[in-house]
Amino acid sequence: MFALFILYAIVEVAALVAVGSAIGVLWTVLLLMAGSAVGLVLVRSQGKRVMEGLREASHGERSPSGAVADGVLFAIGSVAMFVPGLVTTAFGILLLLPPTRCALRPLVLRATARWMPSAHAATGRMRPTVIDGEVVPDTAGAPGAGHVIEIDGRDFEKPTR
């Protein structure tokens with residue numbers, strides 16, 4: 001984990017030095033601020049979109065596995081926006097864009113199927129149960145209509161073992 005942090009620091013410093021040398025320090029700082037602003041706008045707008053996709057999946061209008069994959073990619077992109085640096089900001093913005101998430105969705109689904117087969121199988125089975133039927137209106141002459149059933153408070157007590 002420590003080696004990963006050192007690698008992150010080296011990559012971010014190298015990116016800042018390269019961009020700062022190419023366009024200047026002031027423009028690099030403005031680029032960092034603009035990237036953060038764009039990322040915040042994307043987090044807000046795409047967060048609503050991802051939540052709507054999850055809601056649609058819960059109602060059976062959309063594939064649950066695709067909605068969950070979008071949620072995972074959105075979460076990773078959002079976290080990347082809060083990590084300082086040019087590379088992580090660019091990575092976060094890419095993951096927050098819908099076309100990128102759409103392109104990466106199959107990879108996430110394959111990774112889920114490989115590393116967590118039970119979770120992948122569970123999201124594949126998350127389909128609403130549809131029972132065909134017909135609504136029968138209540139009629140006044142129904143059996144039991146007009147009968148009074150008397151109860152007392154003991155009928156609502158918890159059963160004891």
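Which residues make the nonpolar surface patch of about 810 Å²?

1. In this predicted model, the nonpolar patch on the surface is formed by I23, V25, L26, W27, V29, L30, L31 and M33, and its area comes to about 810 Å². Helix α2, which spans residues 25-58, is the element that gives the most to this patch, contributing 7 residues.

2. One of the patch residues, V25, belongs to helix α2. With a relative accessibility of 65%, V25 counts as exposed, because the cut-off for that class is over 50% relative accessible area.

3. The packing of α2 with helix α3, the latter covering residues 64-82, deserves a separate remark: the two helices meet at an angle of about 160°, and their axes lie 9 Å apart. That angle makes α2 roughly antiparallel to α3, since angles over 145 degrees are placed in that class. As for handedness, the crossing of α2 and α3 is left-handed.

4. A further point concerns A90, a residue of helix α4, which runs over residues 86-96. A90 has a relative accessible area of 41% and is therefore partly exposed, given that this class lies between the buried limit of under 20% and the exposed limit of over 50%.

5. Where does A90 stand relative to L32 in sequence and in space? The two residues are separated by 58 residues in sequence, while the distance from C-alpha to C-alpha is 9.6 Å.

Methods. Residues numbered from 1 in each chain as written. Predicted model: local features only at pLDDT ≥ 70, side-chain atom pairs only at ≥ 80, totals over all residues. Heavy atoms only, no water. Patch = residues over 30% accessible without salt bridge, like charges linked within 9 Å, V, L, I, M, F, W, Y side chains within 5 Å. Areas by Shrake-Rupley, 256 points an atom, 1.4 Å probe, with all protein chains shown as cover. Salt bridge = Lys/Arg side-chain N within 4 Å of Asp/Glu carboxyl O. Helix = DSSP H or I, 4+ residues; strand = E, 2+ residues; numbered from the N terminus. Buried < 20%, exposed > 50% of the residue type's maximum accessible area, 1.4 Å probe, protein only. Axes fitted to C-alpha atoms, helices over the stretch in contact; angles between N-to-C directions. Parallel < 35°, antiparallel > 145°, perpendicular 65-115°, else oblique. Left-handed = near helix turned anticlockwise from the far one by under 90°.
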